[in-house]
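Here is a short briefing on one protein model. Look over the fold first, then read the points below.

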Amino acid sequence: MSHRPFPGRRSVLRGSLAASAALTLPTALGSAPAFALSGRPKAGWGVQTGDVTCDSGLLWVRSDRPARMIVETSATESFRKTRRWHGPLLGADTDFTGTTRLRGLPSGEQIHYRVLLADPDDPRRTGEPVTGTFRTASARRRDGIRFVWSGDLAGQGWGINPDFGGYTIYNAMGALDPDFFLCSGDNIYADGPITSSVALPDGSTWRNITTQEKSKVAETLAEFRGNFRYNLLDDNLKRFNAQVPSIVQWDDHEVTNNWYPGEILGDARYTEKSADVLASRARQAFSEYFPISTLRRPDGRVYRTVRHGPLLDVFVLDMRTYRNANSTDDQTSDAQGILGAEQLKWLKGELSRSRAVWKVIAADMPLGLVVPDTGDGRPHIEAVAQGDPGAPLGRELQIAELLRFIKHRRITGTVWLTADVHHTSAQHYQPSRAAFTDFEPFWEFVSGPLNAGAFPASALDDTFGPERVFVKAPTAANVSPAGGYQFFGEVDIDGHSGELTVRLREQDGTVLFTQVLQPGRVGQ
């Protein structure tokens, strides 16, 4: 794989590190700092880029007050020659966040950028620039691709622990110099308050940075916004965001645990019982805090295709917004399923049209792992599989339809990536082991969490014939990050052979499992 070194990273990030250093909270403070409205606009929450393609990308920033977003890009970190982009006016209606789309970028090149925040009443008054860099996707196959993926951040009460170094997993991911980071959902835990300390089984104490918005479950728009701001108190994450573009999807905890459209919550912690009302507020905050190309569309959708040159298309699914109600999931007909009819139609069309060597289906939930929803005491199902090893039932019917479509349309190079279950594993799905046989073999790789409780391995459902080739998971539930079991995955696509290599890695980057897949095959 031909991969360009990342030039001058320390100097490129000096501005963003300086801006971020002042934001980390001493635990004793217990809350986020108030806006300091004297002086010039500040961007203390860092910068992010997202949905980067061969010639475009989105750039995000947050100000501490009303400001005009101005972006300058350059081919070099000296910024000797720059191109200027005038972004939006950042105000209270978007929680002072904003995104600027950069177009007409050179393919396969390192882009250096700096963001300036200008006083709306005096454009000459600008704050300290915040700098970052990213690489556009290459139109040349020979350059290859490397990316990382994971999910599940600040869950189960395990937040930013200064004694632990914060979210250190981002340092291990950044050290691989990936072209982008695929976040498979649960970017926040809006339903998971964070306390200042948690007792650990060995008698020691886990200490969290805390904020007012993380002291209870999120219900108001301000509380959802505060959940997203919380993670940006971590310097490791801000440093990573300034280096590595993201492709972000959501799952349940951006709203509340295991939610579905139309649900009325029975959780006594909530005064707002409508999941739809909570989801609307959460979606607004989600759209404000991540650079996602489709969220500004009239339909405001999360599902989309991100094209990364001739080697890779990423099909980002939304298995939350359009699903049917969680149930025993054993119905014999199900037109809605977990994707909804419209998203399934879109996915079939996008897969059919794709000419990329590899087609990564980014799912926010696994296919053959049983994920129960027992919140109301009933044995309901949260994901796709329900544990019946026979013919497809419930949401499995929609997945069976998709797998059959991939086989009969001879769509090559499909790989499924996900997170959600808080352990890491590799499953190979094979018709000869399955109750449903009208599909070609494929792989599903699971990673995560980034910084959350780890849980035992999920049971398998044999409907699609999964074999668990590798798994690493604790035997106890909700093991803290101090106990290990924090994971991410890496995907390398070789520009010459076209081979795709998956590596499942631990928090410090140690490789646990490797699988090499060959290009040009309908099944693997």
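The points below cover confidence, overall build, surface and one helix.

This is a predicted model. Its mean pLDDT is 92. The protein has eight helices and 25 strands.

**Confidence**
- Of the residues in the protein, 93% reach a pLDDT of 70 or more.
- Residues 1-36 stay under 50 in pLDDT.
- For residues 1-36, the model still has 93 contacts beyond four places in sequence.

**Overall build**
- The radius of gyration is 22 Å, which agrees with a compact globule, because 524 residues packed that way would give a value near 24 Å.
- The C-alpha trace spans about 65 × 55 × 45 Å along its principal axes.
- Of the 524 residues, 62% count as buried.
- Among contacts with a separation of 6 or more, 72% join residues 24 or more positions apart.

**Surface and charge**
- The protein exposes about 18900 Å².
- Carbon and sulfur atoms supply 51% of that exposed area.
- There are 58 positive and 61 negative charges, and their mean positions lie 8 Å apart.

**Helix 4**
- Helix 4 covers residues 221-231 and is mostly covered.
- How many of its eleven residues are buried? Nine of the eleven are.
- The buried residues are E223, F224, R225, G226, N227, F228, R229, Y230 and N231.
- Which elements cover the buried residues of helix 4? Among them are strand 2 (57-62), helix 5 (235-241) and helix 6 (275-289).

Note on methods
Residues are numbered from 1 along each chain as its sequence is written. This is a predicted model: local features need pLDDT of at least 70, side-chain atom pairs count only at pLDDT 80 or more; totals for chains, interfaces and linings use all residues. Side-chain values use heavy atoms; hydrogens and water are left out. pLDDT is the predictor's confidence in each residue, from 0 to 100. Contact means heavy atoms within 4.5 Å. Helices (H or I, at least four residues) and strands (E, at least two) are DSSP runs, numbered from the N terminus. The radius of gyration is taken over C-alpha atoms; the globule rule is 2.2 Å times the number of residues to the power 0.38. Buried means under 20% relative accessible area, exposed over 50%, partly exposed in between (1.4 Å probe, protein chains only). Accessible areas come from the Shrake-Rupley method with a 1.4 Å probe; for residues, only the protein chains shown count as cover. Lys and Arg count as positive and Asp and Glu as negative; His and the chain ends are not counted. The place of a charge is taken as NZ of Lys, CZ of Arg, CG of Asp or CD of Glu.
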